[in-house]
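User: Could you walk me through this one? I'd like to go over how the chains are put together.

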Amino acid sequence: MAKATITFEDINVTVTAPAGTRIIEISEKVGSGITYGCREGDCGTCIMKVTEGWNNLTEPSVLEDKVLRENMAGKHNRLACQAQILGGVIKVKPV
Amino acid sequence: MIRQPLFNANGLPQAIALSERVHWVGALDPTLRTFDIILKTANGTTYNAYVVRGSEGVAVIDTVKQNFADEFFARLESVARYDEIKVIVLNHLEPDHTGALPELMRRAPKACVFISQKAQAMLKALLKQDEFEFTPVLTGDTVSLGDRQLEFLHTPYLHWPDTQCTYLPEEKILFSGDVFGCHFCDNRLFNDEVGDFRFSFEYYYAHIMRPFKDYVARALSLIEPLLPLTAILPAHGPLLRDQPQRYVQRYRELTGNALPSEISGNEKTLLIFFISSYGNTKRMAEAIFDGAAGVDNVRVSLYDLEGSEVAPFVDLIEDADAILFGTPTINGDAVKPVWDLLSSLTVINLKSKLGGVFGSYGWSGEGVRMVEDRLRGLKLRVPFPGLRIKLIPTDEEIQQCRQFGQDIAEDLVGIRPARIIDIAELG
């Protein structure tokens, strides 16, 4: 299975994980400052900034796009509870 | 000044004039004693709604709780016809301000609803329908009523994501929503006529606005340039026409720290709270304290929860950078004093503070994991798995505790080396 590395820049921790893993499955366990509310893509609490490897994440769904828009999320922002890693190198941090 | 009666000669509710073009059309709820479960009120509350008349139409700003709709509509009808209503502004969608909205939309079908950008999904959920018109607005957006104009200020999270303020520049009046509000019902309405409501104002801020201090500060940076205002008209409590700037100043003061800071700018604060039945969790706490205290630029404090009320700790925690909880497990749970403190923390912002848990246990030790989950739920980051030790800690386990404290302190000051780990190691 393809592996990816995801770096949580706020705590300087890089995790190797298989493709398909959601960022929520990793970030809490390593203690990143990305925080969660509903955990199901509705509330926008877990908006994070993707600083590298945008294309190494699954594309946002229509619903995620809507939540990002309504929360006036900035460029290269995603919901950590929705984004899944695909491969390669990804770097993220809390907004 | 002649006091205007809230009811006309026939006993019908009537609007109260704030100026020739601005009227209060809200409702009084003097017998309310508990609001939203979490707030007490000795004086009931008011649901404040307003009408602004321009040369080309009328705006209604907010409505009231549903069971007070009759009073609201009667007051509204005393100053405007439904076919004149061009604009409905919702500064906040909570049901105590939108309870009369569906009926108002039915009676004033020409009106366009103006809500904040973040209110859109909420409004649909509230009305349980998708087929209606509304306009999402942000700071700088305006709507014209002819010779009166409404300007919108995007002030989210005061105290819901959807909140906004609306400004009437021609009269220098701010319709502030829940900001600057309080639960205090006095039929004299105006802050220069009602009884002493200072306690209610402070209490309301402490329970409703304090968790969102950062957002309050951002909102004030939009509101302060509007000073001097002739009035601040909140959605609850007295109408602030006398020295409204005093309330803006007080909010600015309240966005500061509850306690004066005692540490230098480059230090981080770590608070360790514990409670112990046989002294084992206490020994862990002391060893964690030792480990953390050895790290430069970390000010560590140790508190036995058995020896204090909860409330003073809330102020300390608000200012702290990291908090640890030590709890034994009794009957499969963390102990009540720990839960009591944790359940008191919803009035402050804990987002991204560092948290951690430890504790001694007899046979199953669930308490530590439960508190870890609670800390994550409170939006703390928990970078180290909780430290659990069965009954009496050995010397080796005491050393583990010291290392736990040191790791946390090093993480706090950002001197832990970069780590590369495999997801399988995370458990």
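**Contacts and layout**

Analyst: Let's start with chain B: among its contacts between residues at least 6 apart in sequence, 71% join residues at least 24 apart. Two residues are in contact here if their C-beta atoms, placed from the backbone, lie within 7 Å. Keep in mind that this is a predicted model, where local features need pLDDT of at least 70, side-chain atom pairs count only at pLDDT 80 or more, and totals for chains, interfaces and linings use all residues. Residues are numbered from 1 along each chain as its sequence is written, with chains lettered from A and ligands numbered from 1 in the order in which they are written.

User: How far apart do the C-alpha centres of the two domains of chain B lie?

Analyst: Chain B splits into domain 1 (16-254) and domain 2 (268-412), with bounds from an automatic or database domain assignment. Six residues of domain 1 of chain B contact four of domain 2 of chain B. Their C-alpha centres are separated by 42 Å.

User: Which helices of chain B each supply at least two residues of the side of domain 1 that touches domain 2?

Analyst: Helices (H or I, at least four residues) and strands (E, at least two) are DSSP runs, numbered from the N terminus. Chain B has 12 helices and 22 strands. The ones you're after are helix 5 (198-209) and helix 6 (213-223) of chain B.

User: And in what order do the elements of chain A run from the N terminus?

Analyst: Chain A has two helices and five strands. Starting at the N terminus, the order is β-β-α-β-α-β-β.
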